[in-house]
Structure formats: C-alpha cells, structure tokens
Amino acid sequence: METKKIIFDFGNVLIRIDEERTRQAFNELGADPSLEEQTELFQKLDKGQLTTAAFLEELRPYFPSFVLRRSLLEAWNALLLEIPESSLDLLGSLARKTELLLLSNTSRPHIRRIAEEAGPYTWNRFQKSFTHLYYSFDLGCRKPEKKVYEKVMKAQGWSSGSCILVDDRMENLEMAEKMGWTAVHFALDKGGDHKLLERELIGLL
C-alpha cells in the first residue's frame, strides 16, 4: 500500500487572506474599473513571467500618474493577513506522520511580504514542515493547469495515488481528482478548523 503524502495550498488554507482588502486599496488609489478584468496580468506575475518591477509598470496605466510604485505594491500585498498558530501546530503534527508539500498559486512579492511579516522564527518554523515548497512563479504555471500536478509528481517521484491535495478552490481540487489525487476542500474564510482538518487527514493516511 502506498504511503500517502499531503500537498497543501497556502492562501486561505494555511494563511489568512482577504482579497477585498487589495480591491479596496486599489480603489482608494483611484484604480480604473477595467483593472478588475486584467486577470491575465495577475496570472503572468503568478507564473513568474513578470518581475515585480515589470508588474508594477504594467499596473501604472490603471492609476493616476501621481501614484507611486511602492503604493501599488502595498495595495497588492494588502490581502495578506497572518499565519495562524493553528497552521503551525497542524503542520508540526502532520510532518511527524508523512511528507508534506506546499503548492501555491502566488507571486514573489507576496511570499517576500509574508516572510517579512511572519519574522525569521515563524517563517523558518513554517518552511521546515515541508519536504519542498512549490510556488507557481517557480513552476511557470498555475493550478488548475494539468502540468502543475504532473510537474510535482515527476519532481517528487510520486504516483497520483499517493497524493492528497488540500485546497480552498474547487477548480483546483477537481483537476486533482482527474489526476487521481485525493481532494480535500478546506477554507479558512468558510470557518475551516485546523484541528478538524488534522483529524480528517490522519484518517486518510
């Protein structure tokens, strides 16, 4: 029987986020309403196809000319909240039972800000729980693209039957199931409880 491994999403699973805070921050800077439609721009940053500086330059036309790049960066990072202690406890417990991975659609400025806000002790404690941290900006692709799941399995030498994905987005979980992974839905903004999640995951191992 295969040993199960757990692959965690980051945002809204292990760290609290509030996307409305970024939307509001952009609006306070005078964002053009058409910015809401620029999904491709944000996804290019997530996929590592834009540097932070290039991303901010592409954002500038959607704002009044006096808005500074650092203000745009602050607004982009506004959605990030804290890594709860319950996340660290969950990871510490599960890491003693099986291998853990992080697989996140995210951008370099977000990870940089999370690390700064968490501080060296908490951030090191967080990272040490994982065998590997996979970020979309390093992979060059985002969930739910099929190649994300394929890249992780190939890099780790894992079969699909050994993978458990914990994610807050149904489209990511649906693709995981198509790939033969076990899918577990969990969302902090829907009242998700890490203690209950721990019990569920231990039951799947």
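## A walk through the model, starting at a strand pair

Select L102 and you'll find it standing opposite L133 in β3. Keep in mind as you click around that this is a predicted model. Now widen the selection to both strands: β2 pairs with β3 (residues 132–135) in the parallel sense, over four bridges. Trace the backbone and you'll see the chain leave β2, pass through α6 and arrive at β3, a β-α-β crossover that is right-handed.

**Next stop: T106.** Go to the loop between β2 (100–104) and α6 (108–127), where T106 is found. Is T106 buried or exposed? Its relative accessible area is 6%, so T106 counts as buried. Show its surroundings and, leaving aside neighbours within four places in sequence, T106 is in contact with D46, I111, Y135, S136 and F137.

**Now the big core.** Select F8, F10, L14, F126, V166 and L201: these have the most contacts inside the largest nonpolar core, which has 29 residues. Colour by element and you'll see that β1 (5–8), α5 (85–95), β2, α6, β4 (163–167) and α10 (194–204) each give two or more residues to this core. Apart from it lies another core, of 18 residues, with L103, L139, V148 and W158 among them. As background, nonpolar side chains in soluble globular proteins tend to be buried together.

Back in the 29-residue core, centre on V166. Which residues does V166 touch, not counting those up to four places away in sequence? The list is I6, I7, F8, D9, V13, V184, F186, L197 and L201.

**Over to L59.** Pick helix α3 (residues 52–59) and find L59 in it. L59 has 0% relative accessibility, so it counts as buried. Not counting residues up to four places away in sequence, L59 touches F26, L35, L41, F42 and L72. Try a distance label to A31 too: A31 and L59 are 28 residues apart in sequence, yet 9.3 Å apart in space, C-alpha to C-alpha.

**Finally, zoom out.** In cartoon view, the protein chain shows 10 helices and five strands. Its radius of gyration is 18 Å, close to the 17 Å that the globule rule gives for 205 residues, so the chain is as compact as a globular protein of that length. Along its principal axes, the C-alpha trace spans about 60 × 30 × 30 Å. Of the 205 residues, 47% count as buried. Among contacts between residues at least 6 apart in sequence, 74% join residues at least 24 apart. Switch on the surface to finish: the accessible area comes to about 10,400 Å², and 47% of that belongs to carbon and sulfur atoms.

Technical notes: Residues numbered from 1 in each chain as written. Predicted model: local features only at pLDDT ≥ 70, side-chain atom pairs only at ≥ 80, totals over all residues. Heavy atoms only, no water. Buried < 20%, exposed > 50% of the residue type's maximum accessible area, 1.4 Å probe, protein only. Contact = heavy atoms within 4.5 Å. Pairing = 2+ DSSP bridges. Right-handed = clockwise from strand over helix to strand, strands pointing away. Core = buried A, V, L, I, M, F, W, Y, C linked by side-chain atoms within 4.5 Å. Rg over C-alpha atoms; globule rule 2.2 N^0.38 Å. Areas by Shrake-Rupley, 256 points an atom, 1.4 Å probe, with all protein chains shown as cover.
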